[in-house]
Amino acid sequence: MNVRKTLYVPQGYIQHIRDSIAAAKAVNNVCYIYNNDVYFLDEMGKPTQRITNTPTNTKTEVRISHNLQKIAYLNSAGNPEIVNRQGIVLNTLTAFSNITQMDWSNTDSTLYMLIGNQFQYFGPVINHPPLDMAGIPNYGNNQILSASLSKYNDLAYVVEWNTFYGYEQRLVLKMHDGLGRDTVINKTDFMHEMKYVKFSTDQQDLVVGYGETSDFGVGHYFTRIEIFTDMKPYYDFYMGDDPDYNGYKYAVYRRDKYCLLSSNQGLDNTSGQLMLTAYYTNDHAYRSRNDINDATSELIFDWK
């Protein structure tokens, strides 16, 4: 005689699995600019904390430190301004201007800024591979469009130069291992132009953004995103050219979350507004904040 046995799984164990999944998908520690004020979002579904209360002062290119205690943004004069979590101004760096991109060092002791074709530093100089034009054709008009350091001080940057046939771009990856290993990667999508690189705070996860030829500058609209991990000389996967997922701004990828966070139109949004959207690459799920959008001003964010 066959006896059917029923296996009971304790409710506590089921809840533990649910909690683990929820923690893995949690999007925490997002700092963003909305209507010219800085906000902090502790978790995707929670209320936000307003950091500044100066909406008449233009603010751009926001970056929060890894310890979540210092926030840098560019003020209306184009100078970096650093505030704490209470919105108190700690420093206004009038000696630095014309900044293309900036971020905090992995120790939070230095704010590094891409100015022209070089990094400049507020704080101790960071030891990293050279930011130079090695391996790039020299036409006398080379320009570094975007540059970023990993948590291990590996370096990634996009170089552009103008030839008789038009603009060309290459991605340069440099390991911070003392061996001088450099990799130069030609763009793979010739319908678009490389515009942007950004390491996440986690390991060596890198986003490379491509835009239309009419778009200029870091943080502008990207129609293709390539994801590189572990400093490999090829991308793991790409996203883009999808009619249901219409472009990206200020993208950051976290491999520990399998998540791409961006200012994005969202899969079910027909308003045309870009909103803060988390897209999970392992199961293609997504979460959006309809209230954090670009309806009245550009939405700019950082994710640590």
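These are my notebook entries on one sheet and some salt bridges in this structure.

**Entry 1: the model**

I am working from a predicted model, so I began with the strands and then turned to the charged side chains.

**Entry 2: the sheet**

I looked up how strands 19 to 22 are arranged. They form an open sheet of four strands in the order 19-20-21-22, with antiparallel pairing. Which strands sit at the edges? I found strand 19, covering 248–254, and strand 22, covering 286–293; each of these pairs on one side only. I also noted the angle between neighbours: on average, neighbouring strands of this sheet are turned by 15° against each other, with direction ignored.

Next I checked how strand 19 is held to strand 20. How many bridges join the two? I counted five, with strand 20 spanning residues 259–264 and running antiparallel to strand 19. For one concrete pair, I picked Tyr-248, whose bridge partner in strand 20 is Asn-264. As a reminder to myself, strands of a sheet pair through backbone hydrogen bonds, either parallel or antiparallel.

**Entry 3: salt bridges around Asp-103**

The structure holds 21 salt bridges, and I followed a few of them. Asp-103 caught my eye, since I found two partners for its side chain.

One partner is Arg-63, at 4.0 Å from N to O. Asp-103 belongs to strand 8 (residues 99–104) and Arg-63 to strand 4 (residues 60–64), so this pair links distant parts of the chain, 40 residues apart. Are these two residues buried or exposed? Asp-103 is buried, and Arg-63 is buried as well.

The other partner is Lys-198, where the closest N and O atoms are 3.2 Å apart. Because Asp-103 lies in strand 8 and Lys-198 in strand 15 (residues 193–199), this salt bridge ties together parts that are 95 residues apart in sequence. I checked burial here too, and both Asp-103 and Lys-198 are buried.

I then asked which residues share a network with this aspartate. Glu-61, Arg-63, Asp-103, Lys-198, Asp-302 and Lys-304 are linked in a network of salt bridges.

**Entry 4: back to the sheet, by way of Arg-255**

I finished with Arg-255, which forms a salt bridge with Asp-230; their closest N and O atoms are 3.2 Å apart. Arg-255 is in the loop between strand 19 and strand 20, while Asp-230 is in the loop between strand 17 (224–228) and strand 18 (237–240), so the pair ties together parts 25 residues apart in sequence. Asp-230 has a relative accessible area of 39%, and I therefore logged Asp-230 as partly exposed.

Note on methods. Residues numbered from 1 in each chain as written. Predicted model: local features only at pLDDT ≥ 70, side-chain atom pairs only at ≥ 80, totals over all residues. Heavy atoms only, no water. Pairing = 2+ DSSP bridges. Axes fitted to C-alpha atoms, helices over the stretch in contact; angles between N-to-C directions. Buried < 20%, exposed > 50% of the residue type's maximum accessible area, 1.4 Å probe, protein only.
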